[in-house]
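Visitor: I would like to take a close look at a single part of this structure and follow it step by step. Could you guide me through one helix and what lies around it?

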Amino acid sequence: MTQEEIRIRLKIIKITSDIDNNYIAEYLGMRNVRSVANYLHCDYDLSDEKRSKAEELISDLWTEI
């Protein structure tokens with residue numbers, strides 16, 4: 001999954017479920033909710049490790065939408 005696909009799917013998950021930036025930050029091991037917001041606004045790309053965790057999170061939650 002590309003960085004842009006991850007961003008789009010995370011945004012959709014946030015809109016359609018009770019998931020917030022805090023949950024995403026904790027799941028991915030990010031410092032804080034601001035880091036998630038910056039990522040979703042294309043300020044930087046995720047590392048390979050965080051990208052893998054994001055794909056895992058998306059695969060777990062995407063089926064619930």
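**A close look at helix α1 and its surroundings**

Guide: Let us begin with a residue beside the helix: Tyr-44 is partly exposed, because its relative accessible area is 32%, a value that lies between the 20% limit for buried and the 50% limit for exposed. Please keep in mind that this is a predicted model. The ring of Tyr-44 has a partner in the ring of Tyr-39, with the two centres 6.1 Å apart and the planes at 55 degrees, so the pair is described as tilted. This is one of two aromatic pairs that a search of the whole structure finds. Tyr-39, unlike its partner, is buried, because its relative accessible area is 1%.

Both tyrosines lead us to the helix itself, since Arg-7 is in contact with Tyr-39 and Tyr-44, and also with Leu-40, Cys-42 and Asp-45, when its neighbours within four places in sequence are left aside. Arg-7 has its place in helix α1, and with a relative accessible area of 4% this arginine counts as buried.

Turning to α1 as a whole, we find a helix of 14 residues that reaches 20 Å from its first C-alpha to its last, which is close to the 20 Å expected at 1.5 Å a residue. Arg-7 shares its buried state with Gln-3, Ile-6, Leu-10 and Ile-13 of the helix. Seen down the axis of α1, the buried residues fall within an arc of 130 degrees, so they line one face of the helix. The cover over these buried residues includes α2, α3 and α4.

The helix also takes part in a wider grouping, for in soluble globular proteins nonpolar side chains tend to be buried together. Here the largest nonpolar core has 16 residues, and those with the most contacts inside it are Ile-6, Leu-10, Ile-24, Met-30, Val-36, Tyr-39 and Leu-46. The elements that give two or more residues to this core are α1 (3-16), α2 (21-28), α3 (33-40) and α4 (48-62), and α4 gives the most, with four residues. Val-36 offers a view from another part of the core, because apart from neighbours within four places in sequence it is in contact with Asn-21, Ile-24, Ala-25 and Met-30.

One further detail concerns another arginine, Arg-9, whose charged end sits over the ring of Trp-62, 4.8 Å from the centre of that ring.

Note on methods. Residues numbered from 1 in each chain as written. Predicted model: local features only at pLDDT ≥ 70, side-chain atom pairs only at ≥ 80, totals over all residues. Heavy atoms only, no water. Core = buried A, V, L, I, M, F, W, Y, C linked by side-chain atoms within 4.5 Å. Buried < 20%, exposed > 50% of the residue type's maximum accessible area, 1.4 Å probe, protein only. Contact = heavy atoms within 4.5 Å. Expected span 1.5 Å × (residues − 1). Arc of directions from axis to C-beta. Phe/Tyr/Trp six-rings, centres within 6.5 Å; stacked < 30°, edge-to-face > 60°. Lys NZ or Arg CZ within 6 Å of the ring centre and 35° of its normal.
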